[in-house]
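Dear colleague,

I am handing over the structure we spoke about, and I would be glad if you could keep it open while you read the notes that follow it.

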Amino acid sequence: MKIPLTLNGLKTVIEAEADTKLLYVLRERGCLSVKCGCCEGTCGSCTALLNGRPVPTCKIPFAIVRDCEIETLEHFTKLDDYQDIVKGFDKAGIHLCGYCNSGKIFAAWDILHTMIHPSRAEIAEQVQHLSPCCTDLDSLVNGIIYAVGIREKRIGVMKNAAV
């Protein structure tokens with residue numbers, strides 16, 4: 001089955017079996033940031049952005065990504081938002097091991113783009129499903145809090161301003 005889609009900013013057509021998990025299709029295309037962790041959609045290691053939302057690619061059948069936009073860390077690492085997140089993680093002492101990066105980074109990105117001034121509790125609720133192998137959840141929450149502040153400073157968001 002041939003499926004047109006946009007992968008990391010480039011329009012392309014990819015051929016694969018309809019029921020092949022998106023994880024394997026991406027890895028075959030050289031997107032090695034998506035990893036096969038739990039294969040149940042809970043660990044976060046296979047996360048990519050699908051139409052701007054983080055998804056576990058191990059649960060997504062290839063057939064449903066027709067005309068979708070998919071972004072992996074291979075492309076995302078070139079963006080300012082990535083730098084904000086990495087700086088926040090660094091400030092919190094979070095080590096990016098390479099295995100679970102996509103889950104942590106895309107969870108942080110989602111929070112940065114869907115929540116205005118999120119509280120510690122709101123962030124914790126959003127990341128509680130992740131099971132990163134190298135980071136405790138409290139440090140992850142701290143890293144995201146720092147990343148929110150760094151991003152807000154970069155784009156000029158005022159503390160009490162509605163965005």
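Which side chain does the side chain of T12 meet in a polar contact of 3.5 Å? The partner is the side chain of R29. Before going further, please keep in mind that this is a predicted model, and that the values below were computed from it.

T12 has its place in strand β2, and, leaving aside residues up to four places away in sequence, T12 touches I3, P4, L5 and L7 as well as R29. The loop that leads into this strand, between β1 (2-7) and β2 (10-15), holds N8, whose phi is near 50°, a positive value in a residue other than glycine. With a relative accessible area of 15%, N8 falls under the 20% cut-off and therefore counts as buried.

A positive phi of about 50° also appears at N51, although N51 is not a glycine. This residue sits in the loop between β3 and β4, and its relative accessible area of 48% makes N51 partly exposed. G52 lies in that loop between β3 (47-50) and β4 too, and at 33% relative accessibility G52 likewise counts as partly exposed. If you measure from C-alpha to C-alpha, G52 and M115 are 14 Å apart in space, while 63 residues separate them in sequence.

Another loop worth a look runs between α1 (22-28) and β3, and S33 is found there. S33 counts as buried because its relative accessibility is 10%, which is under the 20% cut-off. A polar atom of the S33 side chain lies 3.4 Å from the backbone nitrogen of L73. Not counting residues up to four places away in sequence, S33 touches S45, T72, L73, E74 and S102.

S102 brings us to helix α4, where S102 is one of the buried residues. Twelve of the 14 residues of α4 are buried, so this helix is largely enclosed by the rest of the structure. Among those buried residues are polar ones such as N101, K104 and D110, alongside I105, F106, W109 and I111. The length of α4 can also be checked: at 1.5 Å a residue its 14 residues should span 20 Å, and the end C-alpha atoms are indeed 20 Å apart, which agrees.

Helix α6 (residues 137-155) passes the corresponding check, since its 19 residues should span 27 Å at 1.5 Å a residue, and its end C-alpha atoms are 27 Å apart. At the start of α6, a side-chain oxygen of D136 reaches to within 3.2 Å of the backbone nitrogen of D138, and just after the helix G156 takes a positive phi of about 80°. The buried residues of α6 are S139, L140, V141, G143, I144, A147, V148, R151 and E152. A general point helps in reading such a list: an α-helix has 3.6 residues a turn, so residues three or four places apart point the same way. The buried residues of α6 pack against α3 (80-91), α4 (101-114) and α5 (120-127).

Which residues touch the most other members of the largest nonpolar core? Of its 24 residues, these are F76, I85, F89, I105, V127, L140 and I144. At least two residues of this core come from each of α2 (73-76), α3, α4, α5 and α6, and α4 gives the most, with seven residues. V127 shows how such residues meet, for V127 touches A107, I111, L137, L140, V141 and I144, again not counting residues up to four places away in sequence. There is also a second, separate core of 21 residues, which includes A16, C58, I60 and C68. As background, nonpolar side chains tend to be buried together in soluble globular proteins.

The last feature is the largest pocket, which has a volume of about 210 Å³. It is lined by 14 residues, and the closest to its centre are T47, P54, A107, H129 and L130. The elements that give two or more residues to this lining are β4 (53-56) and α4.

With best wishes

Key:
Residues are numbered from 1 along each chain as its sequence is written. This is a predicted model: local features need pLDDT of at least 70, side-chain atom pairs count only at pLDDT 80 or more; totals for chains, interfaces and linings use all residues. Side-chain values use heavy atoms; hydrogens and water are left out. Helices (H or I, at least four residues) and strands (E, at least two) are DSSP runs, numbered from the N terminus. The expected span of a helix is 1.5 Å times one less than its number of residues. Buried means under 20% relative accessible area, exposed over 50%, partly exposed in between (1.4 Å probe, protein chains only). Contact means heavy atoms within 4.5 Å. A polar contact is a pair of N or O atoms within 3.5 Å; within protein, one must be able to donate a hydrogen and the other to accept it, and residues adjacent in sequence count only if both atoms are side-chain atoms. A nonpolar core is a set of buried Ala, Val, Leu, Ile, Met, Phe, Trp, Tyr and Cys residues joined through side-chain atoms within 4.5 Å. On a 1 Å grid over the protein atoms alone, a cavity is a set of points where a 1.4 Å probe fits but cannot get out, and a pocket is an open set with protein on both sides within 12 Å along at least five of seven lines; lining residues have an atom within 4 Å of a point. Grid points are joined across faces, edges and corners, and a volume is the space filled by probe spheres set on the points.
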